[in-house]
Amino acid sequence: MRYFIMWIPHTIPKTTFHLFIPPEKTVPCRVRSNEVGHNINSVDLSWADCTPKPLKLLCLDNMANHFAQYPKQLFECINHMNIEYLVEILSISLPISLVIHVPGDEYWRRRYDHTWPTSVKITRNTVVTESLKIIYLTKYVSEIIENLEPGYVDETELSEVLMVCSPYVTSIYCQQLRIQSSMVQTLTINESKGYLPYDPIHIDLSFVLGILKNVRNLSLVYGSRTFTTEPPIYTPTQYRFNIDDMDTLGRGLLISKHLTSLAITKSELNMAKFNRLLPYLMEYHGLEEINFSFCKLCSLGVKSVAHFVKTARMLKIVNLCGNQIGPDGVESLSFVMLWRRNNNYPAIELNLSMNNISDIGAKYLASALASGVQPFTKLRIRNCNITEIGGLNIAQSLAYDHGLRALEIDNNPLTLEVAIALHTSLKTNLNIEIISLQNCNFSQNITNFLSRVGFYNKHNKRSGFIYLDFEYLYEEIKEEDNISLEEEMMELEITENDEKEGLL
């Protein structure tokens with residue numbers, strides 16, 4: 001136990017550690033019956049400094065100090081306890097190529113905390129779905145890619161690093177791809193004239209994806225994460241990308257064999273750039289999720305997206321949040337969703353939040369829902385400028401749909417008539433598990449009741465749910481209104497009396 005505590009602290013269970021916390025007071029102890037009693041202070045562990053290390057630990061110390069001289073089979077030749085000690089003392093500044101075979105999580109936890117000290121700490125109690133080794137290497141490779149400077153990339157050195165990490169990297173999350181630094185001065189000069197000489201060119205992703213062959217999730221941001229850098233180096237106008245970037249990305253998609261999720265977010269992705277990428281997407285049939293949120297596709301660009309969605313046999317999730325989409329773009333999407341279901345393609349989880357689809361766009365979505373072919377699994381239409389007419393269409397269509405699992409229609413100026421229609425449809429709809437109606441001009445009482453309907457549907461307990469009549473809910477609304485009116489009248493009377501007293 002002494003060796004565990006002194007040299008391998010991460011192997012001590014927390015329950016054991018708390019059990020052996022020393023008392024605040026020293027404990028009198030008599031070693032032998034004929035000796036005078038003396039005190040032992042368990043807090044003072046300085047005695048351990050005088051205890052020589054066993055030869056085994058000295059050998060492991062030497063292995064750690066000269067780790068580069070040992071073959072990768074080292075961990076296969078020593079037992080589990082020696083491995084636990086070795087990963088505890090192994091340097092976290094060694095090149096990745098040397099430590100890529102280090103097993104377990106402890107070494108990678110230490111390396112993660114040292115590399116990103118301000119990031120969220122990964123503790124032993126953190127619930128993770130992947131090993132810490134994969135988490136570290138994913139973040140490590142993603143940062144390498146997003147910090148590559150176009151025109152100054154040593155492909156030989158880069159390929160060596162990527163090949164070492166390739167077996168473990170299944171995701172790439174680039175939060176901001178760089179543009180050529182040599183263009184900064186040129187861009188600054190020409191900005192005063194109101195134009196840019198040409199769009200920045202980013203890194204060749206076909207080269208990267210040609211080495212990282214196990215990537216399943218690819219997330220890219222060609223724009224800027226923030227503009228708060230002091231002093232500012234780039235401006236929002238400079239965070240554009242060349243249309244040729246779509247060719248390098250497209251060639252990379254065709255090389256990838258396992259890619260299932262593609263995201264291009266917060267970028268100047270418009271119709272022209274998407275149309276350049278579209279032929280490559282049409283040839284790649286493995287995507288299950290696309291995310292083009294907070295780009296600039298507009299309605300015309302969304303029509304091109306709909307053309308791709310029509311051919312994507314495996315697609316299940318489409319995120320087009322914040323793309324300035326109007327009703328005509330929604331019309332194309334709705335038609336394609338019906339076509340997919342009629343041809344036995346999977347239903348879609350669709351996010352159209354923060355677009356101006358208005359009541360006309362809501363009517364197109366409602367028509368798809370009312371068709372009975374179950375086109376959507378989830379529908380998110382928050383902040384879409386939907387009023388009473390569009391809300392009624394959506395609410396009434398729920399009586400005919402049995403595939404929708406989640407409806408999020410928050411922050412739209414709906415009316416009490418829409419609440420009545422939702423109450424009527426949900427009385428017979430047992431499929432919706434999540435319904436979100438915040439800031440829709442409903443009383444909190446109605447909002448909570450409709451949300452509970454989804455909760456009971458989700459847990460298959462609808463038979464035990466008492467479905468209140470809307471008149472009862474409405475009576476409570478009127479009571480709340482009457483109470484608030486009475487309070488206002490009382491305050492008004494008090495104010496008038498105070499004014500009269502002041503006059504007297």
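Contact here means heavy atoms within 4.5 Å. The model is predicted. This briefing covers a buried loop residue, a run of parallel strands, a helix residue and several salt bridges.

**Leu315**
- Leu315 sits in the loop between α14 (298-311) and β7 (317-319).
- Its relative accessible area is 0%, so Leu315 is buried.
- Setting aside neighbours within four places in sequence, Leu315 touches residues including Leu287, Glu288, Glu289 and Ile290.
- Among its other contacts are Phe308, Val309, Arg340, Pro346, Ala347 and Ile348.
- The C-alpha atoms of Leu315 and Glu349 are 9.3 Å apart, with these positions 34 residues apart along the chain.

**Strands β4, β5 and β6**
- Strand β5 covers residues 261-264.
- Ser261 and Ala263 point one way from β5, Leu262 and Ile264 point the other way, and all are buried.
- β5 pairs with strand β4 (residues 217-220) in the parallel sense, over 4 bridges.
- In that pairing, Leu218 stands opposite Leu262.
- β5 also runs parallel to strand β6 (residues 289-291), joined by 3 bridges.
- Here Leu262 stands opposite Ile290.
- From β5 the chain passes through helix α13 (residues 271-283) to reach β6, a right-handed β-α-β crossover.

**Helix α12**
- Arg251 belongs to helix α12 (residues 245-255).
- Arg251 is partly exposed, because its relative accessible area is 39%.
- Beyond neighbours within four places in sequence, Arg251 is in contact with Ser206 and Tyr280.
- Arg251 and Phe207 are 44 residues apart along the chain, and their C-alpha atoms are separated by 9.0 Å.

**Salt bridge between helices**
- The model has 8 salt bridges.
- One of them joins Asp247 and Arg276, with the closest N and O atoms 2.6 Å apart.
- Asp247 is in helix α12 and Arg276 in helix α13, so the pair links distant parts of the chain, 29 residues apart.
- Asp247 is buried at 14% relative accessibility.
- Arg276, at 29%, is partly exposed.

**Salt-bridge network**
- Arg380 forms a salt bridge with Glu349, at 2.8 Å from N to O.
- Arg380 lies in strand β9 (residues 376-380) and Glu349 in strand β8 (residues 348-351), so the bridge ties together parts 31 residues apart in sequence.
- Both Arg380 and Glu349 are buried.
- Arg380 also meets Glu408 in a salt bridge, at 3.1 Å from N to O.
- Glu408 is in strand β10 (residues 406-408), 28 residues from Arg380.
- Glu408 is buried, because its relative accessible area is 11%.
- Shared partners join Glu349, Arg380, Arg382, Glu408 and Asp410 into one network of salt bridges.

How values were computed: Residues numbered from 1 in each chain as written. Predicted model: local features only at pLDDT ≥ 70, side-chain atom pairs only at ≥ 80, totals over all residues. Heavy atoms only, no water. Helix = DSSP H or I, 4+ residues; strand = E, 2+ residues; numbered from the N terminus. Buried < 20%, exposed > 50% of the residue type's maximum accessible area, 1.4 Å probe, protein only. Pairing = 2+ DSSP bridges. Right-handed = clockwise from strand over helix to strand, strands pointing away. Salt bridge = Lys/Arg side-chain N within 4 Å of Asp/Glu carboxyl O.
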